[in-house]
Every structure is written in C-alpha cells, then in structure tokens.
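Visitor: I would like a close look at a single part of this structure, with enough of the surroundings to place it. Please take me through it slowly.

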Amino acid sequence: MKVKVSKTYEKAASEVRKTDAYKRARVISDFTERICCRLEELGITQSELARRLGVTRAYVTNFLRGDVNFTFDTAVKISTALEMGCSSV
C-alpha cells in the first residue's frame, strides 16, 4: 500500500536531507549497520569487539546505538578489527 504524503512534507523532508546533520547521521547509521552485519558474519560478540579495540563493552554498545561521536581513527580501528577494508569506512 502506498502512503500519500503532502507536498509540504515532501519539500521539508527534501530540505532536511540536504543538511550536514542529516548526512552525518546517515553515514553513522550506514557504518554502524555494516559493523553489526560484519559482527554477525564473523560470529563475533560485542564483548569480543570491545576486547579487540581495548574499550569497554558499554562503549561498543553505545557506539552501535549511535550514542558516541566517534572519530575517523576509531572508524579505522573498528574496520581493521573486523577486517572490513578501507571501503567500509
């Protein structure tokens, strides 16, 4: 079933998608989704990822929820720990 959306809403949503905040949130969401998929592929727990990174499990949980403003260096460390390659960052 197709939902009918008003033109006002469509225009507002289009404007939001152009903002840096939206784009940043999208990158974080995409990256954390890739991490979750990779953890599942490898059969690695969040606890094991935390051990590999030298951080707490709580940090990993918060990171995967999008509650942590991570750095590029952190993204590279996670990608390396999960053998994801450069294109995943």
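Visitor: To begin with, how many helices and how many strands are there in the protein chain? After that, please look closely at helix H5: which of its residues are buried, and what covers them?

Guide: The model is a predicted one, and its protein chain holds five helices and zero strands, so that the order of elements from the N terminus reads α-α-α-α-α. Before turning to the helix itself, it helps to have the frame around it. The C-alpha trace spans about 50 × 30 × 25 Å along its principal axes, and the radius of gyration is 16 Å, whereas a compact globule of 89 residues would have a value near 12 Å. Of those 89 residues, 27% count as buried, and the chain exposes about 6700 Å², of which carbon and sulfur atoms supply 53%. Among contacts with a separation of 6 or more, 54% are accounted for by residues 24 or more positions apart. As for charge, there are 16 positive and 11 negative side chains, and the centres of the two sets lie 6 Å apart.

Helix H5 comprises residues 72-81, and its buried residues are Thr74, Ala75, Ile78, Ser79 and Ala81. These five residues lie on the same side of H5, because they cover an arc of only 165° around the axis. The face turned away from that buried side carries the exposed residues Phe72, Asp73, Lys77 and Thr80, a set that includes an aromatic residue, Phe72, as well as the charged Asp73 and Lys77.

The cover over the buried residues of H5 includes helix H2 (20-42), helix H3 (46-53) and helix H4 (57-65). For H3, a single residue gives a concrete view of the packing: Leu53, which is found in that helix, is in contact with Lys77, Ile78 and Ala81 once its neighbours within four places in sequence are left aside. Of these partners, Ile78 and Ala81 belong to the buried set of H5, while Lys77 is one of the exposed residues on the face turned away. Leu53 can also be placed relative to Leu64, which lies eleven residues away in sequence and 14 Å away in space, C-alpha to C-alpha.

Leu64 leads on to H4, where Val60, Thr61, Phe63 and Leu64 are buried. Here too the buried residues share one side of the helix, since they cover an arc of only 160° around the axis of H4. What covers them includes H2, H3 and H5, and thus H4 and H5 each appear in the cover of the other's buried residues. Just after H4, Gly66 takes a positive phi of about 85°.

The end of H5 can be described in a similar way. Glu83 lies in the segment after H5, and its phi is near 50°, a positive value in a residue other than glycine. Glu83 is exposed, because its relative accessible area of 61% is over the 50% cut-off.

Finally, Leu82 offers a link back to H2: Leu42, whose place is in that helix, is 40 residues from Leu82 in sequence, yet the two are 8.1 Å apart in space, C-alpha to C-alpha. Leu42 itself counts as partly exposed, because its relative accessibility is 36%.

Conventions:
Residues are numbered from 1 along each chain as its sequence is written. This is a predicted model: local features need pLDDT of at least 70, side-chain atom pairs count only at pLDDT 80 or more; totals for chains, interfaces and linings use all residues. Side-chain values use heavy atoms; hydrogens and water are left out. Helices (H or I, at least four residues) and strands (E, at least two) are DSSP runs, numbered from the N terminus. The radius of gyration is taken over C-alpha atoms; the globule rule is 2.2 Å times the number of residues to the power 0.38. Buried means under 20% relative accessible area, exposed over 50%, partly exposed in between (1.4 Å probe, protein chains only). Contact means heavy atoms within 4.5 Å. Accessible areas come from the Shrake-Rupley method with a 1.4 Å probe; for residues, only the protein chains shown count as cover. The place of a charge is taken as NZ of Lys, CZ of Arg, CG of Asp or CD of Glu. The arc is that of the directions from the helix axis to the C-beta atoms.
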